[in-house]
Amino acid sequence: MSMPDDTTDIGRRSALGRLATAAALAGAAPLLASAQAVAGKAPSPAPGGGRLKQSLSRWTSKAPLPDLCKRLKTIGFTGVDLLYADEWSVVTDHGMAVSMGYPAKRDNFIEMGFNDPANHATLIKEIETTIPLAKRAGVTNIITMFGNRKAGIDDQRAIDNCIAGLSKIAPYAAENGITLCLELLNSKVDHHGYQGDHTAFGVAVTKGLNSPNVKLLYDIYHMQIMEGDVIRTIRDNIQWIGHFHTGGVPGRHEIDGTQELNYRAVATAIADLKYQGFIAHEFMPTHADPFDSFAEAFRICAV
């Protein structure tokens, strides 16, 4: 990982100055952020971070977790996402939130979900074990999966299976102030065979449970690939959504102007709905210093 260049030449500083002036005249803060990134300087965080709480998925950075926490705090992030229980204290000791925790370490975590009753005993046991740990650590969101398709289990049966399995653990989650978040993933590019690949499928499960402690993890990247119409879908289903992930389409890289979604508009729509949860960035950075990418994503969603 390279650090930002502190020896920027005069020509580049002049270019930055001209862009900054133009940005100020136009009231375009995002333009200034882009100019700073071009000049090799990580943009400073927006005051207060706007109306949305933002976190970063742990796997997107190779930095040691303590260093990651320190640098994210300087940008303005308030949480780190997708962490195992043995990592939680590192984040909370740095004054940050664990915005999403795992209930288990398994290579087949995504494929093994509540759509298949054969998985229920294992999944429920993992969540039952994790809930008290999460409560003590102040972690309020635990991720779980719908799972890959199985022969003989169509969508309606899978929905019924998910409702039956989750109904056994949802009351315990509610008693302890924990929300179980079922992730929507694309089956077209990244997770072939995944059954929870459309919003309607996930909403059918959460509606069937009708529990404030079982919600959807709406991954904007995945749902843009599968169905698009992101802003309207979020508006229509916000009551069933407990968490968001971001990522640029195509490629799952930065959420800037190089990809097809206007993430500032998406973030504004989410904030306008008075959403109180986290929006977690989950993309593979391409900038020489990945923290330039993280800072840029933070500014885009600081609405």
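This is a walk through a predicted model, from its overall make-up to its core, its helix pairs and its unusual backbone sites.

Start with the whole chain. The protein has 12 helices and eight strands. Of its 303 residues, 55% are buried. Long-range contacts are well represented. Among contacts between residues at least 6 apart in sequence, 74% join residues at least 24 apart.

Now turn to the interior. In soluble globular proteins, nonpolar side chains tend to be buried together. Here the largest nonpolar core holds 82 residues. L166 and F244 have the most contacts inside this core. Helix α12, residues 290-301, gives the most to it, with seven residues.

F244 is a good place to look around. Beyond its neighbours within four places in sequence, F244 is in contact with L217, Y218, I220, I234, I238, I270, Y275, F278, I279 and A280. Several of these partners return below. I234 belongs to the α10 side of a helix pair, and I270 to the α11 side. I279 sits in strand β8, residues 278-281.

Follow the chain of contacts to I279. This residue counts as buried because its relative accessible area is 1%, under the 20% cut-off. Leaving out residues up to four places away in sequence, I279 touches L52, K53, Q54, S55, F244, T246, I270 and C301. One further pairing spans a long stretch of sequence. I279 and D81 are 198 residues apart along the chain, and their C-alpha atoms are separated by 9.4 Å.

C301, one of the partners of I279, leads to the cysteines. C301 is buried, at 0% relative accessibility. C162 is buried too, with a relative accessible area of 0%. How many disulfides does the model contain? The count comes to zero. A disulfide would need a pair of cysteine sulfur atoms within 2.5 Å.

Next come two helix pairs. Two packed helices are described by the angle between their axes and the distance between the axes. Take α6 (residues 155-166) and α8 (residues 199-209) to begin. Their axes come within 9 Å and cross at roughly 40°. Is this pair parallel or oblique? That angle makes α6 oblique to α8, because it falls outside the range under 35 degrees that counts as roughly parallel. The crossing is right-handed. From α6, the residues D155, A158, I159, C162, I163 and L166 meet F201, A204, V205, G208 and L209 of α8. So the α6 side of this contact includes the buried C162. It also includes L166, named above for its contacts in the core.

The second pair is α10 (residues 230-237) and α11 (residues 263-272). These helices pack at an angle of about 10°, with their axes 10 Å apart. That makes α10 roughly parallel to α11. Here, too, the crossing is right-handed. V230, I231, I234 and R235 in α10 meet A265, V266, A269 and I270 in α11. I234 and I270 are both contacts of F244. I270 also touches I279.

Loops around these helices hold some backbone details. The loop between α8 and β6 (214-219) contains S211. At 15% relative accessibility, S211 counts as buried, so a loop position is no bar to burial here. Outside its sequence neighbours up to four places away, S211 touches A170 and T206.

Most residues other than glycine have a negative phi, and most peptide bonds are trans. Three sites in this model depart from those patterns. Where is the cis peptide bond? A cis bond joins V249 and P250, with omega about 0°. P250 lies in the loop between β7 (241-246) and α11.

The other two sites have a positive phi. D229 has phi near 50°. Its place is in the loop between α9 (220-226) and α10. D229 is partly exposed, at 41% relative accessibility. K274 has phi near 65°. K274 lies in the loop between α11 and β8. Is K274 buried or exposed? At 63% relative accessibility, K274 counts as exposed, because the value is over 50%.

How values were computed: Residues are numbered from 1 along each chain as its sequence is written. This is a predicted model: local features need pLDDT of at least 70, side-chain atom pairs count only at pLDDT 80 or more; totals for chains, interfaces and linings use all residues. Side-chain values use heavy atoms; hydrogens and water are left out. Buried means under 20% relative accessible area, exposed over 50%, partly exposed in between (1.4 Å probe, protein chains only). A nonpolar core is a set of buried Ala, Val, Leu, Ile, Met, Phe, Trp, Tyr and Cys residues joined through side-chain atoms within 4.5 Å. Helices (H or I, at least four residues) and strands (E, at least two) are DSSP runs, numbered from the N terminus. Contact means heavy atoms within 4.5 Å. Axes are lines fitted to C-alpha atoms, for helices over the stretch in contact, and angles run from 0 to 180 degrees between N-to-C directions. Angles under 35 degrees count as roughly parallel, over 145 as roughly antiparallel, 65 to 115 as roughly perpendicular and the rest as oblique. A crossing is left-handed if the near helix is turned anticlockwise from the far one by less than a right angle, and right-handed if clockwise.
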